[in-house]
Amino acid sequence: MDNLAHTLAGLAIAEAGLRRKTAFGATTLAITANLPDIDVGVYLFGDGVDALAFRRGWTHGILAMVILPVLLAVCMRGVSRLRRHSAEARVASWQWLLVLSAIGVWSHPLLDFLNTYGVRFLMPFSGRWFYGDALFIIDPWLWLTLLIGIVSSRASHAVRPARIAIALVALYVVAMAVSSRT
């Protein structure tokens, strides 16, 4: 998926109620939903072929799914402590930052799995690719559904629109997977 889809997925999860669990909840989910794509940095240092071969590997694999949430939770906790100078600011909960970071990071390879490019879940232990072949890398229907859910939830201060959007996206994914198999 593209990074707009990852960001919208993280924000929809946040608006579905999880942002309320701790300070920096929505920010944590938006960042971690994109965090595995730090591997695009290889395009700065390698040629196009080597960089393409590196994509959706180490930072999308099982070790990264353990390490990245912890790293971001530590960073967000540090930011929370730095911003604590205000009497109104609450310190972010370490446990909730870790849970939200894990949800955000894990959503990333799951969404990437759903398209034709695929992902290497087992890196660094195996370079095997897994493909869902259900969604396009750029999917405006996914964007629109999640965006409507996010905006509606924010406007109404309710979690239900975001939850409905997530459910509709899940149904859309299932329908696309079925049509792809057919």
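Reader: Which residues lie nearest the centre of the largest pocket, and how many residues line it?

Author: Let me start with the general idea. Rolling a probe the size of a water molecule over the atoms shows where empty space is left. In this predicted model, the lining of the largest pocket is made of 13 residues, and Ala 9, Ile 13, Leu 110, Leu 111 and Ile 166 are the ones nearest its centre. The volume of this pocket is about 310 Å³.

Reader: Which elements give two or more residues to that lining?

Author: Helix 1, helix 6 (94-113), helix 7 and helix 8 do. Helix 8 gives the most, with four residues.

Reader: And how does the lining divide into nonpolar, polar and charged residues?

Author: There are 12 nonpolar residues and one polar residue, with no charged residue in the lining.

Reader: Let's step back to the whole chain. How many helices and strands does it have?

Author: Eight helices and zero strands, so the pattern along the sequence reads α-α-α-α-α-α-α-α. Of the 182 residues, 42% count as buried. Contacts tell you about the fold too: taking those between residues at least 6 apart in sequence, 65% join residues at least 24 apart.

Reader: Before I read further, which element has the lowest mean pLDDT, and which the highest?

Author: A good habit with a predicted model. Helix 4 (residues 48-54) has the lowest mean, 60, while helix 7 has the highest, 97. For the chain, the average pLDDT is 89, and 88% of the residues score at least 70.

Reader: Now the interior. Which residues touch the most other members of the largest nonpolar core?

Author: In a nonpolar core, look for buried side chains joined to one another. Here the largest core has 17 residues, and Met 1, Leu 135, Leu 142 and Leu 146 touch the most other members. At least two residues come from each of helix 1 (3-15), helix 7 (140-156) and helix 8 (160-181). Helix 1 gives the most to this core, with five residues.

Reader: Taking Leu 142 as an example, which residues is it in contact with beyond its neighbours within four places in sequence?

Author: Leu 142 is in contact with Met 1, Ala 5, Leu 135 and Val 169. Apart from this core lies another one of 11 residues, including Ala 23, Met 65, Ala 73 and Val 105.

Reader: I noticed Thr 28 in helix 2. Is this residue buried or exposed?

Author: Compare its relative accessible area with the cut-off: under 20% means buried. Thr 28 has 0%, and therefore counts as buried. Setting aside neighbours within four places in sequence, Thr 28 is in contact with Leu 72, Met 76, Leu 97, Leu 100 and Ser 101.

Reader: Let's try the loop between helix 6 and helix 7, where Gly 132, Asp 133 and Thr 116 are found. Why does Gly 132 count as buried?

Author: The same cut-off of under 20% applies. Gly 132 counts as buried because its relative accessibility is 4%. Not counting residues up to four places away in sequence, Gly 132 touches Phe 113, Leu 114, Asn 115 and Arg 181. One of these, Leu 114, is 18 residues from Gly 132 in sequence, yet their C-alpha atoms are 4.1 Å apart in space.

Reader: And why is Asp 133 partly exposed, and Thr 116 exposed?

Author: Exposed means over 50%, and partly exposed is the range between the two cut-offs. Asp 133 is partly exposed because its relative accessibility is 33%, and Thr 116 is exposed because its relative accessible area is 53%. Beyond neighbours within four places in sequence, Thr 116 is in contact with Tyr 131, Asp 133 and Leu 135. Thr 116 and Ile 137, 21 residues apart in sequence, are 7.5 Å apart from C-alpha to C-alpha.

Reader: Finally, the backbone. Which residues have a positive phi although they are not glycines?

Author: When you scan phi, check the residue type alongside the angle. Phe 24 has a positive phi of about 65° and lies in the loop between helix 1 and helix 2 (25-32). Asp 133, which we met above, has a positive phi of about 50°.

Reader: Where is Pro 124, and what is the peptide bond from Met 123 to Pro 124, cis or trans?

Author: Pro 124 is in the loop between helix 6 and helix 7. Omega is the angle to read: the bond from Met 123 to Pro 124 is cis, with omega near 5°.

Technical notes
Residues are numbered from 1 along each chain as its sequence is written. This is a predicted model: local features need pLDDT of at least 70, side-chain atom pairs count only at pLDDT 80 or more; totals for chains, interfaces and linings use all residues. Side-chain values use heavy atoms; hydrogens and water are left out. A nonpolar core is a set of buried Ala, Val, Leu, Ile, Met, Phe, Trp, Tyr and Cys residues joined through side-chain atoms within 4.5 Å. Buried means under 20% relative accessible area, exposed over 50%, partly exposed in between (1.4 Å probe, protein chains only). Contact means heavy atoms within 4.5 Å. On a 1 Å grid over the protein atoms alone, a cavity is a set of points where a 1.4 Å probe fits but cannot get out, and a pocket is an open set with protein on both sides within 12 Å along at least five of seven lines; lining residues have an atom within 4 Å of a point. Grid points are joined across faces, edges and corners, and a volume is the space filled by probe spheres set on the points. Ala, Val, Leu, Ile, Met, Phe, Trp, Tyr, Cys and Pro count as nonpolar, Asp, Glu, Lys and Arg as charged, and the others, Gly among them, as polar. pLDDT is the predictor's confidence in each residue, from 0 to 100.
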